[in-house]
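Let's walk through this one together, starting with a single helix and working out to the sheet and the cores. Keep the 3D view open as you read.

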Amino acid sequence: MAELPLAFPSVERERLESHLPPISADTQDDGEGTSKRPFVTLTFATSLDSALSLGPGIRTALSGPQSKAMTHYLRSRHDAICVGVGTAIADDPGLNCRLASEYPDLETSPNASTAGVGALLGLASLPTSKSAVKETRRAYTKHQPRPIVIDPNLRWNFTSESKVMRLARAGKGLAPYVITSVLHPPKEQEKLLEELGGKFISMGELGLKEPKRFNWSTILAVIQNQGLQSVMIEGGGEVINSLLSQGNSGLVDSVIVTIAPTWLGQGSVFVSPPRKTGPDGKPEPVARLTDTTWIPLGEDVVLCGKIALQE
């Protein structure tokens, strides 16, 4: 079944605005005026017990229809979407933006009880007249973010039938850039990527601090060098926990978390970055959000904020 374009109401867009990159986002200065990086938004959906999925490799739907539409609006506001190889393998994601290209200005209610059938379908309170539905079905937004997959050891065995490739071929998304430490990727996959406008970006060992640890400063510099001024990092667990860890969290400009009203339980994949210890050896919080905004969307709640500077 074809996936219909989604709509996200302007009243909710306005509440997100201060947590998003500017429309013409400049790269972020590192404080010394010599190195720049893209605007980085870390966003993911989690359960009440801070779980991302029921287990490694298990695709788990958490977001409701309204917050799903919000995610596609966020994608429309970024130059790139970034995921780790685990997410690419487990989810076969499309990594495109399904926001409707055009739809009428809407009167909406933030309350789930009055959101209407359109919101339950992920169409965010669209009028249900035939003309409005036809308008919504017309096309996806013209802006498509560039998918980026971080795959140090080339574990992602994508083919021409992988969802992101099919969408790129149909003009409903872009082919991915695959960031890897492998210097000589497989020729067949390299040809497939290049035919659709994607490519491998081989960095040798520069992108890794040590096995399974990301060197985010290098990765973000590589992304910026591709002309991408903003990146939305969506997961999975290893990527999120790495970015929230001590030494990396300062690279994140905005955090947007969808919290679903469910517990996934033990054995799940959790958001739980490595423990931080103070000079006295005692444990300390890893990171904290400031300038927070809470946005109810259907049965979910979205938390937006910035990572507080640490002393």
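A quick word on terms before we start: a residue is called buried when its relative accessible area is under 20%, and exposed when that area is over 50%. Also bear in mind that this is a predicted model.

With that in hand, take a look at helix H7, residues 187-195. Its buried residues are Gln189, Leu192 and Leu193. Viewed down the axis of H7, these buried residues fall within an arc of 95°, so they line one face of the helix. Swing round to the other side of H7 and you'll find Lys187, Lys191 and Glu195, which are exposed. What sits over the buried residues? The cover includes helix H6 (163-169), along with strand S7 (177-180) and strand S8 (199-202). After H7 comes Gly197, which has a positive phi, near 100°.

S7 and S8 take us to the sheet. It is an open one made of 9 strands, ordered S8-S7-S6-S5-S11-S3-S12-S17-S16, with mixed pairing. S8 and strand S16 (289-297) stand at its edges with a single partner strand each, so one side of each has no neighbour in the sheet. On average, neighbouring strands here are turned by 20° against each other, direction ignored.

Now go to the S16 end. S16 pairs with strand S17 (residues 300-307) in the antiparallel sense, over 7 bridges. If you want to trace the register, Leu289 stands opposite Ile307 in S17, and Pro296 is opposite Val301. The hairpin these two strands make has 2 residues between the strands, and in it Gly298 takes a positive phi near 60°.

Which helix packs on this sheet, touching S16 and S17 among other strands? That's helix H2 (residues 65-76), which also touches strand S3 (39-46), strand S5 (80-84), strand S11 (230-235) and strand S12 (254-259). The direction of H2 makes about 145° with that of S11.

Next, the nonpolar interior. In soluble globular proteins, nonpolar side chains tend to be buried together. Here the largest nonpolar core has 32 residues, and those with the most contacts inside it are Leu42, Ile148, Ile179, Trp216, Ile223, Val231 and Ile233. Helix H8 (residues 216-225) gives the most to this core, with 5 residues. To get a feel for the packing, pick out Ile233: leaving aside residues up to four places away in sequence, it touches Val40, Thr41, Leu42, Thr43, Cys82, Trp216, Val239 and Leu243. Apart from this core lies another, of 16 residues, with Met232, Ile256, Val302 and Cys304 among them.

Two cysteines have come up along the way. Cys82 is buried, with a relative accessible area of 0%, and Cys304 is buried too, at 0%. How many disulfides does the structure hold? The count is 0.

Finally, step back to the whole protein chain. It has 9 helices and 17 strands, and buried residues make up 50% of its 311 residues. Of the contacts with a separation of 6 or more, 73% are between residues 24 or more positions apart.

Terms used: Residues are numbered from 1 along each chain as its sequence is written. This is a predicted model: local features need pLDDT of at least 70, side-chain atom pairs count only at pLDDT 80 or more; totals for chains, interfaces and linings use all residues. Side-chain values use heavy atoms; hydrogens and water are left out. Buried means under 20% relative accessible area, exposed over 50%, partly exposed in between (1.4 Å probe, protein chains only). Helices (H or I, at least four residues) and strands (E, at least two) are DSSP runs, numbered from the N terminus. The arc is that of the directions from the helix axis to the C-beta atoms. Contact means heavy atoms within 4.5 Å. Two strands pair if DSSP finds at least two bridges between them. Axes are lines fitted to C-alpha atoms, for helices over the stretch in contact, and angles run from 0 to 180 degrees between N-to-C directions. A nonpolar core is a set of buried Ala, Val, Leu, Ile, Met, Phe, Trp, Tyr and Cys residues joined through side-chain atoms within 4.5 Å. A disulfide is a pair of cysteine sulfur atoms within 2.5 Å.
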